[in-house]
Amino acid sequence: MSTATASDIAKQIVLIYVCPAAGMVIANFMFTAPVRDVRAAVSAGSLGALNPTPWAVMTGNCLGWVVYSFLIQNQFLFWANCPGLILSIWLNMAAAKLQYCDRLKQTMRRSFVELLDRNRSSFALPSSGEGI
């Protein structure tokens with residue numbers, strides 16, 4: 001039986017706890033990267049040049065890793081991806097809202113104009129001396 005030296009214990013601590021914890025922190029910083037741009041786009045009311053496709057892929061990726069973390073019972077893997085899963089759902093919902101906001105405005109405007117056009121006679125003022 002061999003005794004573990006202090007350097008062996010330090011290596012194990014670094015490999016088992018420090019590196020996974022650092023990866024967890026870096027992953028969460030990476031997932032929060034688009035938040036500022038999405039909030040600005042929501043304030044502006046348009047996606048502009050933002051590409052929401054990576055957020056859909058992010059949802060699938062994080063979901064897969066969260067399921068895998070349950071299977072292997074790894075807390076570091078779970079906490080590295082669960083916040084990303086929740087954030088990606090929010091990002092996708094914001095993108096869907098912005099993508100269809102302009103379309104909804106145009107449809108509502110067009111239907112209102114059509115309503116006014118169909119009922120034009122009820123809004124018209126009498127042309128001759130009738131009325132008032």
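Here are some notes to help you find your way around this predicted model.

1. Start with the overall layout. The protein has five helices and zero strands, so if you read the elements from the N terminus on, you get α-α-α-α-α. As for how much is tucked away, 20% of the 132 residues count as buried.

2. Next, look at helix α1, which covers residues 6-31. L15 sits in this helix, and its relative accessibility of 61% makes L15 exposed, because anything over 50% gets that label. L15 also belongs to a nonpolar surface patch of about 650 Å². The other members of the patch are I9, I13, V14, I16, Y17 and V18.

3. Now for the helix pairs. Two packed helices are described by the angle between their axes and the distance between the axes. Take α3 and α4 to begin with: α3 spans 53-72, and α4 spans residues 75-118. Their axes come within 8 Å and cross at roughly 150 degrees. Angles over 145 count as roughly antiparallel, so α3 is roughly antiparallel to α4. The crossing of this pair is left-handed.

4. Helix α4 has another partner to look at, namely α2 (residues 35-44). Here the axes come within 10 Å, with a crossing angle of roughly 25 degrees. That is under 35 degrees, so α2 counts as roughly parallel to α4. As α2 passes α4, the crossing is left-handed.

5. What joins α3 to α4? A loop lies between them, and Q73 is in it. Have a look at the backbone there: Q73 has a positive phi of about 55 degrees, although Q73 is not a glycine. Is Q73 buried or exposed? Q73 counts as exposed, because its relative accessibility is 70%.

6. Two residues of α4 are handy for seeing how parts of the chain that are separated in sequence sit in space. One of them is N92, in helix α4. The C-alpha atoms of N92 and T53 are 8.8 Å apart, while the two residues are 39 residues apart along the chain. With a relative accessible area of 22%, N92 is partly exposed; the label fits because buried would need a value under 20%.

7. The other is M93, which also has its place in helix α4. M93 pairs up with W55 for this purpose: 38 residues separate them along the chain, and their C-alpha atoms are separated by 9.9 Å. M93 counts as exposed, because its relative accessibility is 58%.

8. If you want a quick tour on screen, try this order. Begin at the nonpolar patch that includes L15 and Y17, then go to the loop between α3 and α4 and find Q73. From there, follow the left-handed crossing of α3 and α4, and finish with N92 and T53, whose C-alpha atoms are separated by 8.8 Å.

Note on methods:
Residues are numbered from 1 along each chain as its sequence is written. This is a predicted model: local features need pLDDT of at least 70, side-chain atom pairs count only at pLDDT 80 or more; totals for chains, interfaces and linings use all residues. Side-chain values use heavy atoms; hydrogens and water are left out. Patches are made of residues with over 30% relative accessible area and no salt bridge: like charges are joined within 9 Å, nonpolar side chains (Val, Leu, Ile, Met, Phe, Trp, Tyr) within 5 Å. Accessible areas come from the Shrake-Rupley method with a 1.4 Å probe; for residues, only the protein chains shown count as cover. A salt bridge is a side-chain nitrogen of Lys or Arg within 4 Å of a carboxyl oxygen of Asp or Glu. Helices (H or I, at least four residues) and strands (E, at least two) are DSSP runs, numbered from the N terminus. Buried means under 20% relative accessible area, exposed over 50%, partly exposed in between (1.4 Å probe, protein chains only). Axes are lines fitted to C-alpha atoms, for helices over the stretch in contact, and angles run from 0 to 180 degrees between N-to-C directions. Angles under 35 degrees count as roughly parallel, over 145 as roughly antiparallel, 65 to 115 as roughly perpendicular and the rest as oblique. A crossing is left-handed if the near helix is turned anticlockwise from the far one by less than a right angle, and right-handed if clockwise.
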